[in-house]
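Me: I should like to go through the structural labels attached to this model and see how each one is justified. Please set every value against its definition.

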Amino acid sequence: MDDFWSGVGVDLHLEPDAGAGRRTGLERALRDAVRDGRLAPGTRLPATRRLAAELGVSRGTAKAAYDQLIAEGYLTARQGSGTDVAALPLDGVSAAAGAPRARAPLFDLRPGSPDVGTFPAAAWLRALRRAIATAPSLAYDYGDPRGRIELRTALSGYLGRARGVLAPPERIVITSGYVQGLALLARVLDGGTVAMEDPGLPFHRDVVRRGGGRVVPLPVDERGACAGQLASVKADAVVVTPAHQYPTGVTLHPERRRALTDWARERGGLIVEDDYDGEFRYDRQPVGALQGMAPGQVAYLGTASKTLGPALRLGWMVLPPHLVDAVADAKLHSDHHTESIGQLALAEMINSHAYDRHVRACRLRYRRRRDQLLGRLGARQSVRGIAAGLHALVEVPDEAETLARAAEEGLAVGHLGEHWHTPGDGGRTQGLVVGYGTPRERVYPEALEALGRVLGGGS
């Protein structure tokens, strides 16, 4: 292949699309080569007969690929003059495409994502087929902004038995992931003051601010969010991660849980519970959701992003009664409703218990990964947040120096410094936020070895 393209001075890699055929692969390879500059404007391409012979495809396939890219403006052709690469406009997009690309890390231990390779494709396909076979025709029309009743009913039972959530179907709203749920609540609060954990995820703070909320920090210590400070910041709502605080990994202490619910009852405040990975607990049964203690004061937000995969964009909210209509109206005016077919498939998975089986299998898999991480780091490292979830906090004396060593090893990790509301306080704990969900099984041991070298554990 490389010899064939040497005449036009390009290293073109053809990756045929197994699902759509070789023509699609040829189109993509040529399109990418034009976009990134490997095929320069004015380059004369081989005739379709020669291209077809070299690639082992029909001449019709080669001609169809050329015709498609001519129609899209990537190639030009004139009768009797052959086919040339077109000159693309030099706007901001094309300039960025020609700029040097950041090198992808060799090993990715950044937190926030599960191992998407564990997605239960066969189980999802079976559920999807059953859902489509039994779905009423109205399922393909515009739907209820609260979501399909099939999924809300299935979640009512699942959340009750798995997370201890009091979740009548009429109080559930289906969302396109956690972020949309948080944005809808920020809009409903209409400019209220929202306390958010410090440290916590900066992106979530941005979501609240864009929704009109005023964000104030709520400190986190070894017992979780400091609920006693809510009165002093005069918050209307507080966002917490009680089961496994992000990023420190601590579990909210029972006294703090009571203090939070007491504050909400006495002040009329709202608790927003982000239960992003509550199913994954390794030392005992998962800690029940905070919502079960105060269902009238807690908006419970969950998601399939960590259990199945972020691509599905399926989340759910269990709301206090007084917020259901307002949130449903905000959802209606946001995107009308979350797509229905995925909702029906998830409902089918839950009702058949395939979802429970998948979560149990993932829990065992992630526990093994957690144990491998601890085994590699040993007792020399201070590691926190290991009882649950998909990440751990590894304390280090100097984040900047450690991150520089990680970059040299080609290792991508998170760090605590980026999570503080106000960065730059040198007296704070420093550490790496290490995710162990993302790497594929075959590269995970190598990623741990690289982490060990970064932390001074030798090769």
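Me: Why is arginine 223 called partly exposed?

Reply: In this predicted model, arginine 223 has a relative accessible area of 28%. Buried means under 20% relative accessible area, exposed means over 50%, and partly exposed lies in between (1.4 Å probe, protein chains only). Arginine 223 is therefore partly exposed. Glutamate 255, with a relative accessible area of 45%, is partly exposed as well.

Me: What makes the pair of arginine 223 and glutamate 255 a salt bridge?

Reply: A salt bridge is a side-chain nitrogen of Lys or Arg within 4 Å of a carboxyl oxygen of Asp or Glu. The closest N and O atoms of arginine 223 and glutamate 255 are 3.0 Å apart, and the pair forms a salt bridge. The pair links distant parts of the chain, 32 residues apart: arginine 223 is in the loop between strand E7 (214-221) and strand E8 (224-225), and glutamate 255 is in helix H11 (residues 254-267). Helices (H or I, at least four residues) and strands (E, at least two) are DSSP runs, numbered from the N terminus.

Me: On what conventions do such statements rest?

Reply: Residues are numbered from 1 along each chain as its sequence is written, and side-chain values use heavy atoms, with hydrogens and water left out. As the model is predicted, local features need pLDDT of at least 70 and side-chain atom pairs count only at pLDDT 80 or more, whereas totals for chains, interfaces and linings use all residues.

Me: Why is arginine 281 called buried, and what is its link to aspartate 283?

Reply: The relative accessibility of arginine 281 is 7%, so this residue counts as buried. Its side chain meets that of aspartate 283 in a salt bridge at 2.7 Å, N to O. Aspartate 283 is partly exposed, because its relative accessible area is 47%.

Me: How do you know that glutamate 401 and arginine 405 form a salt bridge, and where do they lie?

Reply: Their side chains meet at 3.0 Å, N to O, in a salt bridge. Both residues lie in helix H15 (residues 399-408), four residues apart, about one turn of the helix. Glutamate 401 is partly exposed at 46% relative accessible area, and arginine 405 is partly exposed at 30%. The structure holds 28 salt bridges. Asp115, Arg365, Arg369, Arg440 and Glu441 are linked in a network of them.

Me: Why is glutamate 27 called buried, and which residues does it touch?

Reply: Glutamate 27 has 7% relative accessibility and therefore counts as buried. Its place is in helix H2 (residues 22-35). Glutamate 27 touches Ala64, Ala65, Gln68 and Leu69, not counting residues up to four places away in sequence; contact means heavy atoms within 4.5 Å.

Me: What makes the peptide bonds before proline 199 and proline 247 noteworthy?

Reply: Most residues other than glycine have a negative phi, and most peptide bonds are trans. The bond from aspartate 198 to proline 199 is cis, with omega near 10°, and proline 199 is found in the loop between strand E6 (193-198) and helix H9 (202-210). A cis peptide bond also joins tyrosine 246 and proline 247, with omega about 15°. Proline 247 is in the loop between strand E9 (237-240) and H11.

Me: What is the phi of aspartate 190, and why is this residue called exposed?

Reply: Aspartate 190 has a positive phi of about 55° although it is not a glycine. The residue is found in the loop between H8 and E6. Its relative accessible area is 67%, so aspartate 190 is exposed. Histidine 353 also has a positive phi, about 70°, although it is not a glycine. Histidine 353 lies in the loop between helix H13 (340-351) and H14, and its 39% relative accessibility makes it partly exposed.

Me: Which residues touch the most other members of the largest nonpolar core?

Reply: A nonpolar core is a set of buried Ala, Val, Leu, Ile, Met, Phe, Trp, Tyr and Cys residues joined through side-chain atoms within 4.5 Å. Of the 54 residues in the largest core, Leu159, Trp316, Leu346, Tyr355, Leu373 and Leu451 touch the most other members. Helix H14 (residues 354-377) gives the largest share, seven residues. A second, separate core of 22 residues includes Leu301, Met317, Val324 and Val327.
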